[in-house]
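Please open the structure in your viewer and keep the selection panel at hand, as this tour goes from one selection to the next.

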Amino acid sequence: MMNDLEREVRDTLLRHQDDAPGIDVSDARRGAGRARRRQLRNVVVGGIAGAAAVIMAIAGFGGLVRADRQPALLDPPTTPPMCMATSGPEDAVVRGWPDTTKNRAGVYSWGELRHSDGVNEGWMHNAYEPGSGDVEIIFEGDPGRLIPHSGQTAVTVAGCEGTYRSFNGEVMGRRGAWEQWMVDIQGTTVTISLTAGPEASETEVAEAHEIIGSIRAQPRDDTFGFRLLFTLTTGTWDSG
Amino acid sequence: MRTTVTADATLSGLEELYVQHAPAALRLAYFLTGDPEAARDLVQDAFVRMAGRFRHLRQPDAFDAYLRRTIVNLHATGLRRLRAERSSLAREAALSVPAAPNEDDHGERDEMWHAILSLPPRQRAAIVLRYYEDLSEWESAEVLRCSVGALNQLVVRAMANLRTRIGKET
């Protein structure tokens with residue numbers, strides 16, 4: 001049963017729903033065109049078998065890879081042995097995913113399938129000062145093994161071998177940088193995405209890399225069989 | 001294997017999905033942004049993001065749920081906030097012009113509309129999902145990628161803010 005205020009909120013929204021823009025076919029075509037350009041861009045960055053070297057030369061992919069990662073190209077796609085979570089107990093208190101308020105520095109966790117569609121996602125950004133709010137990190141988990149693409153960079157995430165790719169370009173309509181790590185942990189494909197808009201400083205991006213670098217996988221008796229722990233070194237992050 | 005979708009058949013499928021789902025998506029986006037053009041941009045960006053995951057949806061029938069979640073979370077990102085603030089300033093400048101008198105007194109009810117638009121993004125999203133989209137607590141929490149408890153906190157804070165702004169009790 002709604003109270004008067006709730007009813008007023010609903011009635012106000014209903015009254016204004018016709019103010020929303022209408023749809024026209026050009027919107028659909030424009031969106032599909034943008035999707036196609038984005039997909040082509042992803043193909044260039046990710047590389048495809050047999051054309052990876054040529055595509056990387058064209059896209060300058062080598063210049064996008066961080067020098068300290070000592071990149072090594074992968075062999076043609078094969079499924080490696082399953083990597084298991086091995087991180088032991090933590091000394092510090094482990095909190096869940098950062099909430100929508102200002103979260104203090106400390107150890108946080110992600111894991112345990114909570115969403116009905118089989119995809120677990122965690123999103124956070126550095127909204128509290130001195131953060132710009134222009135750096136976001138997304139954790140995603142898809143049940144199923146990861147088969148690495150050739151042409152991506154081999155990296156280690158949470159003690160498991162994974163892949164890395166990045167590009168500098170347009171991120172949601174604004175210039176920025178996009179990086180992605182994908183790793184198979186106990187049969188779950190974990191994807192960590194980092195986006196940094198033009199307002200983001202090098203210090204903020206470095207902090208985001210530290211967070212990702214701190215990820216470790218701890219065995220758990222739940223849907224995924226593990227959870228990821230990571231350390232926030234500042235109190236600038238929130239999930240809303 | 002995560003593959004990149006490039007087939008023309010998929011693009012036309014995306015166009016079809018856009019035509020089918022955009023009206024509801026545009027309404028949601030409009031309530032979140034308060035600006036028709038920002039709403040169009042938000043919905044387009046959401047579809048572009050969805051295109052890359054179209055083939056990997058665990059429940060293709062739940063496309064609207066995925067889309068709703070994408071729209072809400074894209075809106076909440078800091079990367080979009082600056083653009084929305086610019087639109088808001090322009091909108092507030094336009095709103096400062098007194099409206100013409102109307103036989104029906106909408107002044108008090110429009111006060112609620114402006115109050116809703118002034119809420120922080122996730123609080124606004126929470127009440128739109130609960131009171132307009134009529135989603136359950138659990139469904140709304142799924143969209144906002146938070147716990148039911150966190151969702152309820154967002155709603156409580158939103159209603160408290162609205163109550164303060166329009167000067168009402170309960």
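Accessible areas, which the next step relies on, come from the Shrake-Rupley method with a 1.4 Å probe. The model is a predicted one, and the tour starts with chain B as a whole.

Select chain B and show its surface: about 8000 Å² is exposed, and carbon and sulfur atoms supply 51% of that area. Of the 170 residues in this chain, 49% are buried. Switch to a cartoon view, where chain B shows 8 helices and 0 strands, so that, by the way helices and strands are assigned, the order from the N terminus reads α-α-α-α-α-α-α-α. Among the contacts in chain B with a separation of 6 or more, 67% join residues 24 or more positions apart.

Next, select residues 137–144 and 148–166 of chain B, which are helix 7 and helix 8, and look at how they pack: the angle is about 95° and the axes lie 9 Å apart. Because angles of 65 to 115 degrees count as roughly perpendicular, helix 7 of chain B is described as roughly perpendicular to helix 8 of chain B. Show the side chains at this contact, with B:Glu137, B:Trp138, B:Ser140, B:Ala141 and B:Leu144 on helix 7 and B:Val148, B:Leu151, B:Asn152 and B:Leu154 on helix 8; these residues divide into 6 nonpolar, 2 polar and 1 charged.

Finally, move to chain A and select residues 202–213, helix 5, whose 12 residues reach 16 Å from the first C-alpha to the last, close to the 16 Å expected at 1.5 Å a residue. Which residues of helix 5 of chain A are buried? They are A:Glu204, A:Val205, A:Glu207, A:Ala208, A:His209, A:Ile211 and A:Ile212.

Key: Residues numbered from 1 in each chain as written. Chains lettered and ligands numbered in written order. Predicted model: local features only at pLDDT ≥ 70, side-chain atom pairs only at ≥ 80, totals over all residues. Heavy atoms only, no water. Axes fitted to C-alpha atoms, helices over the stretch in contact; angles between N-to-C directions. Helix = DSSP H or I, 4+ residues; strand = E, 2+ residues; numbered from the N terminus. Parallel < 35°, antiparallel > 145°, perpendicular 65-115°, else oblique. Contact = heavy atoms within 4.5 Å. Nonpolar A, V, L, I, M, F, W, Y, C, P; charged D, E, K, R; others polar. Buried < 20%, exposed > 50% of the residue type's maximum accessible area, 1.4 Å probe, protein only. Expected span 1.5 Å × (residues − 1).
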